[in-house]
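Subject: Structure handover

Hello,

Here is the structure I promised to pass on. Please open it first, then read the notes below.

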Amino acid sequence: SDSVKTSSPIDVNLTVSGTHGNGDWYISPVTLTFTGDGTVMYRFFNESWLPWTDGPIVVIQQGNITFQWYWVDWNGTVSPIHTVWLHIDYTPPVVNIIVKRLCHKLKITVTAYDNISGLGDRIEIWIGPYLQFTATVTNPFGNMSAVWILSPIPHHWRQFAHTVRATVDDIAGNEGTGNGTTCLSQCLPAILLLRNSALDYR
């Protein structure tokens, strides 16, 4: 948890609790708890002020949240307004994968998006337990779309059904997965990246 401490003559503190992701992001709902004396008023964004009664405030809204509060002590002294910015994203990226058998080749199409924190910087393509491709996302707030062609199909994969999996992370630290299944057979030569609209191939 993170504690936001304030100064005398009145002393009300705010504790922010949640699961930390990457950077300043939380990857869970966030709990706000006040401790100290005084009447506390709070609001989200620039909405109307609300009196805090008792117990924690649980923030389930995702995105970039502005939270403000102040308090009044028993003598009527009003504190300054305090502000914290909460960055919350506990939703994994949406990942779709389409796997097609093209004669002696395998075509893998992956699309992904994340409209909260944005896509992270890496995508991985797995066939069964084997990592086949990695790439770097260069346009995190757009829809990522990329196509790979696998050729040759390794000899020891022939005539078996394999799970093809794409994993994409977001900036906050959530991982999204898309799965497809294909039956592989026969071989040809070389791995080729055909189209790359939002990625740098590595």
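Start at isoleucine 125. Setting aside neighbours within four places in sequence, isoleucine 125 is in contact with ten residues named here: Ile108, Val110, Tyr130, Leu131, Gln132, Phe133, Trp148, Val164, Arg165 and Ala166. Keep in mind that this is a predicted model.

Isoleucine 125 belongs to the largest nonpolar core, which has 21 residues. Ile125 is among those with the most contacts inside that core; the others are Ile108, Val110, Ile123, Met144 and Trp148. Which elements give two or more residues to this core? They are strands S10 (94-102), S11 (105-113), S12 (119-127), S13 (130-137), S14 (144-150) and S15 (160-170). Apart from this core lies another, of 19 residues. Val12, Leu32, Val40 and Val84 are among them. As a general point, nonpolar side chains in soluble globular proteins tend to be buried together.

Now the chain as a whole. It has 202 residues, and 41% of them count as buried. The secondary structure comes to 18 strands and zero helices. Take the contacts between residues at least 6 apart in sequence: 59% of them join residues at least 24 apart.

Next, a sheet. Five strands form an open sheet in the order S3-S9-S8-S5-S6, and the pairing is mixed. Strand S3 (25-26) and strand S6 (50-51) stand at the edges. Each has a single partner strand, so one side of each is left without a neighbour in the sheet.

How do S8 and S9 run? Strand S8 (residues 63-72) and strand S9 (residues 82-88) are antiparallel, joined by seven bridges. Tryptophan 69 stands opposite histidine 82 of S9. Asparagine 64 stands opposite histidine 87, also in S9. Histidine 87 is the bridge partner of tryptophan 25 as well. S3 and S9 run parallel, with two bridges between them.

Three residues deserve a look.

Arginine 43 sits in strand S5 (residues 39-44). It is buried, yet it has no salt bridge. The nearest side chain of opposite charge is glutamate 47, 8.6 Å away. What does the side chain of arginine 43 join instead, through a polar contact? The side chain of glutamine 68, at 2.8 Å. Not counting residues up to four places away in sequence, arginine 43 touches Ser48, Trp49, Thr66, Phe67 and Gln68.

Tyrosine 70 lies in strand S8. Is tyrosine 70 buried or exposed? Its relative accessibility is 17%, so it counts as buried; the cut-off is under 20%. Tyrosine 70 and tryptophan 49 are 21 residues apart in sequence, and their C-alpha atoms are 9.6 Å apart in space. The two residues are in contact. Leaving aside neighbours within four places in sequence, tyrosine 70 also contacts Thr39, Val40, Met41, Val78, Ser79, Pro80 and Ile81.

Phenylalanine 45 is in the loop between S5 and S6. Its phi is near 55°, a positive value in a residue other than glycine. Phenylalanine 45 has a relative accessible area of 29%, so it is partly exposed.

Best wishes

Definitions and conventions: Residues are numbered from 1 along each chain as its sequence is written. This is a predicted model: local features need pLDDT of at least 70, side-chain atom pairs count only at pLDDT 80 or more; totals for chains, interfaces and linings use all residues. Side-chain values use heavy atoms; hydrogens and water are left out. A nonpolar core is a set of buried Ala, Val, Leu, Ile, Met, Phe, Trp, Tyr and Cys residues joined through side-chain atoms within 4.5 Å. Buried means under 20% relative accessible area, exposed over 50%, partly exposed in between (1.4 Å probe, protein chains only). Helices (H or I, at least four residues) and strands (E, at least two) are DSSP runs, numbered from the N terminus. Contact means heavy atoms within 4.5 Å. Two strands pair if DSSP finds at least two bridges between them. Lys and Arg count as positive and Asp and Glu as negative; His and the chain ends are not counted. A salt bridge is a side-chain nitrogen of Lys or Arg within 4 Å of a carboxyl oxygen of Asp or Glu. A polar contact is a pair of N or O atoms within 3.5 Å; within protein, one must be able to donate a hydrogen and the other to accept it, and residues adjacent in sequence count only if both atoms are side-chain atoms.
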